[in-house]
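Work through the exercises below with the sequence and the model open. Each task is followed by a solution in steps.

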Amino acid sequence: MGIVSPGFRGRPRSSRPELPPGQYLTEDFPVLSAGPTPRVPMDRWEFVITTETSREHRWTWADLTALPSDTPTVDLHCVTKWSKLGTTWRGVSLDTLMSDVDSAADYAFVHSYGGYTTNLPLADLLDGQAWVAYEYDGEDLAPEHGGPARLLVPHLYLWKSAKWVRGIQLRFDDEPGFWETAGYHDYGDPWREQRYQGD
Ligand SMILES: Nc1nc2c(c(=O)[nH]1)N[C@H]1C(S)=C(S)[C@@H](COP(=O)(O)O)O[C@H]1N2
Ligand SMILES: [Mo]
């Protein structure tokens, strides 16, 4: 038996190393929204981080887009089992947004225009792991994908990446959000298949 087996023509798609267990590749970009796409006039759009002591840090659209931005290329993993590899975004990192925020909180409760919510540990938003993203593939982020701006936390299942993000509350307690209340996992690591509570 040789080192290269005859007939081997590359890695089967299902075993691409970038694919977490149970996921399959998709080339298109599915839209998954639990309700209608909210429309927010840009002169009224704002993003707010509220600390555990109720201190509020606010950014208008002009404030947000004036901050230094990153252009991460990341893989997306949806709990409904599609993954999309190598997506490129522009956004402001949570490290930048949190740089003047004084907090000892452990958890983040994210809320969106339209009422969607999701929860995750604050540490998972920091150290280059999360952005408030406003461009996808070199274009303004489309409304159905969360435009004008969405949270992007690609190392967790995509339901944590709240579209139409409006704010983040920093808390000592982990309160379940929209899908988490319905039985989805509080953390949602795709590499450990943390799809549902108890996984
Ligand atoms: N505000 C809001 N954010 C949301 C959702 C939603 O319904 N509302 N769905 C989540 C889920 S389950 C997924 S898989 C992704 C889908 O993002 P996409 O529609 O850009 O593919 O958004 C997440 N963020
Ligand atoms: Mo999802």
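**Exercise 1.** Classify W82 as buried or exposed, then describe its ring pair with F29.

Solution. Step 1: W82 has a relative accessible area of 5%, so it is buried (under 20% relative accessible area; exposed is over 50%, partly exposed in between; 1.4 Å probe, protein chains only). Step 2: F29, at 16%, also counts as buried. Step 3: the ring centres of F29 and W82 are 6.4 Å apart and the planes are at 70 degrees, so the pair is edge-to-face. Rings of Phe, Tyr and Trp (its six-membered ring) pair if their centres lie within 6.5 Å; planes under 30 degrees apart are stacked, over 60 edge-to-face, and the rest tilted.

The model is predicted: local features need pLDDT of at least 70, side-chain atom pairs need 80 or more, and totals for chains, interfaces and linings use all residues. Residues are numbered from 1 along each chain as its sequence is written, chains are lettered from A and ligands numbered from 1 in the order written, and side-chain values use heavy atoms, without hydrogens and water.

**Exercise 2.** Classify the pair of Y184 and Y196.

Solution. Step 1: the ring centres are 5.1 Å apart. Step 2: the planes of Y184 and Y196 are at 45 degrees, so this pair is tilted. Step 3: Y196 is partly exposed, with a relative accessible area of 41%. Step 4: Y184 and Y196 belong to one aromatic cluster, which also includes W159.

**Exercise 3.** State whether E180 is buried or exposed, and name its contacts.

Solution. Step 1: E180 is buried, at 2% relative accessible area. Step 2: leaving aside neighbours within four places in sequence, E180 is in contact (heavy atoms within 4.5 Å) with residues including W159, K160 and H185.
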